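Work through these short exercises on charged side chains. Try each task before you read its solution.

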Amino acid sequence: MQATFHWLRIETFCYATEKEDLVAQTFTDLVGTDEYQTEISESEHGNQMLILQQMVTKQKEMDALFARLGADLLQKYIEDLENRIDDDCVFYTRLDKQKAVCGQYSVAHHGDVISITGKVASNPAKKEVAIRNMTQFLEKVIQNLQQ
């Protein structure tokens, strides 16, 4: 099986007003490991913030990450891939971080997010091919969840 993505990046910010251990645990639960990169930065208001980031390159980890999102959300992605994959075959989604803290994954409609970005493997590198490959991947994950 060919890898679904060339690379997959998961990223979130932990602001000074948030509980760092809670955000870190939420991130760990999503990515499946506590071995991710952190970087201290400064917010636009001058407050310190922590950037949590994980790069995923192994197919098994990609499968597990998307399985954690649940079949309902993956089905929504299938229906919206035209808007979630750009002309460079990059998939984008933003999860609601506050709902994720509660163990619920849903698409965010605001700025407090966990972002997932990945370069979809497609040959030739065309949006239509990337959409087809991503659809097959998501359908496979959903099928595995339902077994």
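**Exercise 1.** Does Asp-80 count as buried, partly exposed or exposed?

Solution. Start with the source: this is a predicted model, where local features need pLDDT of at least 70, side-chain atom pairs count only at pLDDT 80 or more, and totals for chains, interfaces and linings use all residues. Residues are numbered from 1 along each chain as its sequence is written, and side-chain values use heavy atoms, leaving out hydrogens and water. Next, take the cut-offs: buried is under 20% relative accessible area, exposed is over 50%, and partly exposed lies in between (1.4 Å probe, protein chains only). Asp-80 has 23% relative accessibility, so it is partly exposed.

**Exercise 2.** Find the salt-bridge partner of Asp-80.

Solution. A salt bridge needs a side-chain nitrogen of Lys or Arg within 4 Å of a carboxyl oxygen of Asp or Glu. The partner is Arg-84, with the closest N and O atoms 3.3 Å apart. Arg-84 is buried, because its relative accessibility is 14%.

**Exercise 3.** Place the salt bridge of Lys-127 and Glu-82 along the chain.

Solution. Their closest N and O atoms are 3.3 Å apart. Lys-127 is in helix H6 (residues 127-145) and Glu-82 in helix H4 (residues 81-84), 45 residues apart. Helices are DSSP runs of H or I with at least four residues, strands are runs of E with at least two, and both are numbered from the N terminus. Lys-127 is buried, at 16%.

**Exercise 4.** Which residues are linked in a network of salt bridges?

Solution. Begin with one pair: Asp-112 and Lys-97 form a salt bridge at 2.9 Å between the closest N and O atoms. Lys-97 is buried, at 1%. The network links Glu-18, Lys-97 and Asp-112.
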